[in-house]
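Subject: Structure handover

Hi,

Here is the structure I promised to pass on. Have a look at it first, then read my notes below.

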Amino acid sequence: PLIQDDDLEEIMINGIDKPVFVYHRKYGMMKTNIQFKDEQEIRDLIDIIARQINRRIDQESPILDGRLLDGSRINATIPPVSPDGPSLTIRKFKKAPLTIIDLIKSKTLSIELAAFLWLCIDGLGVKSANAIISGGTSSGKTTTLNALASFINPKERIITIEDTLELQIPHEHVIRMETRPANVENKGELTMNDLVKNALRQRPDRIIVGEVRNAEAIDMLQAM
């Protein structure tokens, strides 16, 4: 039921004998009357999710980061990372992403700022600007980026690069790329840096990098 509720933004399982918390889009952080009594039940749930997304979580790799088939982002931890027991956090996205009009109506952006950003991104078909969207966790970075992406000229070729696919770009000419962790033999890893370098060989008009934390920042700035 929690997964099906489009008004919930986050579902948080903190361990056994603790209430499951949710973040409601209207009412904020809320405590539910749901509790797990058996640690193995949470572990089984995490293992099922890991198998579905072809990732692994065990003593050697006690952190799981990925997405469900419906696009929801999941993060799970098990001991020794979380000594008190396993945890699971699910971030859900609205089935219909917020538009720039929604952001103006909710007073997230003023009409003047929205118009300015439209001018920067479209560039009057002559010279568009580079943009960095930054902010705290759950502050609306992805929501804002999704809304601003609608200003990109539909004729342009877009490549998106993310740790976990979240962006919903309303264009046809889009290639979505996602990083991949190393396998059991410590092979096959695809980092953000690898994908940024590869994107430059794919004739993009726009490259949208979901998270910039490491060496990919250098390649991204050089590309700019």
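Strand S5 is mostly covered, with 4 of its 5 residues buried. Bear in mind that this is a predicted model, and that goes for everything that follows.

S5 has a partner on either side, so to speak. With S4 it pairs in the antiparallel sense over 5 bridges, and there Gly-66 sits opposite Ile-74 of S5. S4 and S5 make a hairpin with 5 residues between the strands, where Gly-71 takes a positive phi near 95°. S5 is also joined to S6 by 5 bridges, and those two run antiparallel. If you want a place to look in that pair, try Thr-77, which stands opposite Ser-87 in S6.

Now step back to the sheet that holds these strands. What is the strand order? The sheet is open, has 6 strands and reads S3-S2-S1-S6-S5-S4, with antiparallel pairing. Its edge strands are S3 (28-35) and S4 (63-67), each of which pairs on one side only. From one strand to the next, the twist averages 15°.

Next, S1. Is it enclosed or open to the outside? Of its 6 residues, 5 are buried, so S1 is largely enclosed by the rest of the structure. On one flank, 4 bridges join S1 to strand S2 (residues 19-24), and the two run antiparallel. Ile-11 stands opposite Val-22 in S2. S1 and S2 form a hairpin too, with 5 residues between them, and Gly-15 in the turn has a positive phi of about 130°.

S1 (residues 8-13) also pairs with S6 (residues 87-91), in the antiparallel sense and over 4 bridges. Ile-11 turns up again here, since its bridge partner in S6 is Ile-90. Met-12 has Thr-89 as its bridge partner in S6. If you are checking the register by eye, Ile-11 is a handy residue to click on: it faces Val-22 in S2 and is bridged to Ile-90 in S6.

There is a helix on this sheet as well. Helix H1 (residues 39-52) lies across S1, S4, strand S5 (73-77) and S6, and it runs at about 50° to S6.

Further along the chain there is another sheet. This one is open, is made of 3 strands in the order S8-S7-S9, and has parallel pairing. Strand S8 (174-178) and strand S9 (206-209) are at the edges with a single partner strand each, so one side of each is left without a neighbour in the sheet. The twist here averages 15° from one strand to the next. Strand S7 (residues 158-162) is joined to S9 by 4 bridges, and the two run parallel. Within that pair, Ile-161 stands opposite Val-209 in S9. Helix H5 (residues 192-199) lies across S7, S8 and S9, running at about 170° to S7.

Then there is a helical part. Which residues of H4 are buried? In helix H4 (residues 141-149) they are Thr-144, Asn-146, Ala-147, Leu-148 and Ala-149. What do they pack against? The buried residues of H4 pack against helix H2 (100-105) and helix H3 (111-122).

Finally, some whole-chain numbers for your notes:

- The chain has 6 helices and 9 strands.
- Along its principal axes, the C-alpha trace spans about 60 × 45 × 25 Å.
- Of the 224 residues, 33% count as buried.
- Taking contacts between residues at least 6 apart in sequence, 38% join residues at least 24 apart.
- About 13900 Å² of the chain is exposed, and carbon and sulfur atoms supply 53% of it.
- There are 29 positive and 32 negative charges in the chain, and their mean positions are 4 Å apart.

That's what I have for now. Shout if anything is unclear.

Cheers

Terms used
Residues numbered from 1 in each chain as written. Predicted model: local features only at pLDDT ≥ 70, side-chain atom pairs only at ≥ 80, totals over all residues. Heavy atoms only, no water. Pairing = 2+ DSSP bridges. Axes fitted to C-alpha atoms, helices over the stretch in contact; angles between N-to-C directions. Contact = heavy atoms within 4.5 Å. Buried < 20%, exposed > 50% of the residue type's maximum accessible area, 1.4 Å probe, protein only. Areas by Shrake-Rupley, 256 points an atom, 1.4 Å probe, with all protein chains shown as cover. Lys, Arg positive; Asp, Glu negative; His and termini not counted. Charge placed at Lys NZ, Arg CZ, Asp CG, Glu CD.
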